[in-house]
Amino acid sequence: MPDPDLSAVKAALTAQRIETPSWGYGNSGTRFKVFAQPGVPRTPEEKLDDAARVHEHTGVAPTVALHIPWDRVEDYGALAAYAQERGLRLGTVNANVFQDDDYKLGSVTHPDASVRRKALAHLLECVDIMDATGSRDLKLWFADGTNYPGQDDIRARQDRLAEVLSEVYARLGDGQRMLLEYKLFEPSFYTTDVPDWGTAYAHCLRLGPKAQVVVDTGHHAPGTNIEFIVALLLREGKLGGFDFNSRFYADDDLMAGAADPFQLFRIMYEVVRGDGLSEAAGIAFMLDQCHNIEPKIPAIIRSVMNVQEATAKALLVDREALAEAQRSGDVLGANAVLMDAYDTDVRPLLAQVREESGRDPDPVAAYRRSGWAQKITEGRKGGQQAGWGA
């Protein structure tokens with residue numbers, strides 16, 4: 001592999017931004033059990049304190065996604081100011097229309113209009129919160145679906161979904177976007193109302209330019225070529241963001257790059273190929289993970305590093321050599337170009353990027369030395385730990 005332009009690669013890695021999830025700092029688990037950990041935040045402010053540590057050690061995680069009502073506060077402007085004081089910004093606002101008894105048969109697609117109005121009111125509340133925090137993106141994931149054939153009218157549910165989405169879309173202000181997420185299955189098992197990228201894309205296309213698709217890397221059937229989806233959505237200008245995590249079986253929400261780092265590299269190559277790292281592309285690179293048995297903050301730092309490593313390898317692909325091999329029909333040569341980049345150890349390069357920005361070359365080791373884990377373990381005793389329960 002010829003020597004790449006390392007100055008351009010370093011510049012891209014320095015400019016990269018990865019949003020961390022507020023819920024990633026709280027207690028989480030499976031549908032069977034949540035294992036509490038010492039030092040877990042009790043308030044949204046304490047989640048921001050932990051997020052500030054991640055950004056301090058990585059330098060590329062300055063925004064934090066909120067989840068409402070898990071992060072509900074009296075004064076969102078004050079919460080935004082609290083974040084700013086810690087070198088952070090409040091990022092994507094995530095709605096929650098799946099943890100209320102009224103939503104047993106769905107939220108925005110529920111057959112009862114009163115339940116749909118309740119769900120709509122919450123989504124509009126989230127846009128109000130965006131106004132108060134200066135957030136750009138509203139992220140929507142719907143657990144809506146059915147468990148049995150005949151349970152509800154499949155087409156009617158799409159009509160209900162479209163109606164609610166259009167009302168939320170109309171409420172968006174200048175510079176605000178709606179990001180529609182999809183998921184193959186769970187918690188519904190017969191039909192899911194937004195099960196795939198095509199359904200999400202169709203709704204976003206009908207809504208307009210402020211509606212874009214979110215690709216959660218864990219929300220696909222085994223063997224799905226996620227990088228193809230990324231390439232297509234980028235080509236159509238409809239890729240709004242990522243929820244990075246890893247899966248072995250279903251929506252496992254493990255650390256990004258843990259299960260299949262080669263897949264993460266392939267995805268990031270398509271992002272680089274489609275100029276998706278540029279600010280103009282507007283793609284939100286977010287983590288969406290549940291750290292069930294591992295310490296929260298080191299796991300998030302490790303996830304950020306995994307995305308950085310995949311990005312660095314993608315930036316090292318010799319695109320001229322790849323294009324020439326593709327033009328000449330050199331199948332093995334083209335594959336070798338990609339593999340040369342993937343097989344490169346980019347850890348020294350990233351260590352150099354961190355050192356040049358005044359940070360420790362090893363973020364995990366720096367965190368361990370910082371004493372923050374001991375401080376929060378001792379200082380966060382009593383009160384109700386943040387988490388979604390089980």
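**Exercise 1. Describe how helix H5 begins, how far it reaches and what covers it.**

Solution. Begin at the N-terminal end of H5, which is capped by Asp153, one of whose side-chain oxygens lies 3.0 Å from the backbone nitrogen of Arg155. The model is a predicted one, in which local features need pLDDT of at least 70 and side-chain atom pairs count only at pLDDT 80 or more, while totals for chains, interfaces and linings use all residues. Residues are numbered from 1 along each chain as its sequence is written, and side-chain values use heavy atoms, with hydrogens and water left out. The names of helices (H or I, at least four residues) and strands (E, at least two) refer to DSSP runs numbered from the N terminus.

Next, take the length: H5 has 18 residues and spans 27 Å from its first C-alpha to its last, which is close to the 26 Å expected at 1.5 Å a residue, where the expected span is 1.5 Å times one less than the number of residues.

Then look for its buried residues, where buried means under 20% relative accessible area, exposed over 50%, and partly exposed in between (1.4 Å probe, protein chains only). In H5 these include Ala156, Arg157, Arg160 and Leu161, and further along the helix Val164, Leu165, Val168 and Tyr169 are buried too. Among the elements that cover the buried residues of H5 are helix H4 (113-133), strand E4 (137-140), E6, H6 and strand E8 (211-216).

**Exercise 2. Find the salt-bridge partners of Arg157 and say which parts of the chain are tied together.**

Solution. A salt bridge is a side-chain nitrogen of Lys or Arg within 4 Å of a carboxyl oxygen of Asp or Glu. Side chains of opposite charge can pair when their charged atoms come close.

One partner is Asp152, whose side chain meets that of Arg157 at 2.8 Å, N to O. Arg157 is buried at a relative accessible area of 1%, whereas Asp152 is partly exposed at 21%.

Another partner is Asp193, with its closest N and O atoms 3.0 Å from each other in the bridge to Arg157. Because Asp193 lies in the loop between E7 and helix H6 (197-207) and Arg157 in helix H5 (residues 154-171), this pair ties together parts that are 36 residues apart in sequence. Asp193 is itself buried, with a relative accessible area of 4%.

**Exercise 3. Work out what Arg380 and Arg53 connect to.**

Solution. The structure holds 28 salt bridges, and one of them joins the side chains of Arg380 and Glu46 at 3.7 Å, N to O. Arg380 lies in the segment after helix H14 (372-379) and Glu46 in helix H2, so the pair ties together parts that are 334 residues apart in sequence. Both ends are buried, since Arg380 has a relative accessibility of 8% and Glu46 a relative accessible area of 13%.

Arg53 is also placed in helix H2 (residues 44-58) and counts as buried at 15% relative accessibility. Its side chain makes a polar contact with the side chain of Ser370 at 3.5 Å; such a contact is a pair of N or O atoms within 3.5 Å, and within protein one must be able to donate a hydrogen and the other to accept it, while residues adjacent in sequence count only if both atoms are side-chain atoms. Not counting residues up to four places away in sequence, Arg53 touches Ser370 and Trp372, contact meaning heavy atoms within 4.5 Å.

**Exercise 4. Decide whether Met286, Gly276 and Phe189 are buried or exposed, and place each one in the chain.**

Solution. Met286 belongs to strand E10 (residues 284-287) and is buried, with a relative accessible area of 2%. Leaving aside neighbours within four places in sequence, its contacts include Glu19, Thr92, Lys139 and Leu179, and Phe242, Asp243 and Phe244 are among them as well.

Gly276 sits in the loop between helix H8 (261-273) and E10, and this glycine is buried at 1%. Residues more than four places away that Gly276 touches include Leu234, Ala281 and Phe285. From Gly276 to His219, which is 57 residues away along the chain, the C-alpha separation is 21 Å.

Phe189 gives the opposite result, for at 57% relative accessibility this residue counts as exposed, and its place is the loop between strand E6 (177-181) and strand E7 (191-192).
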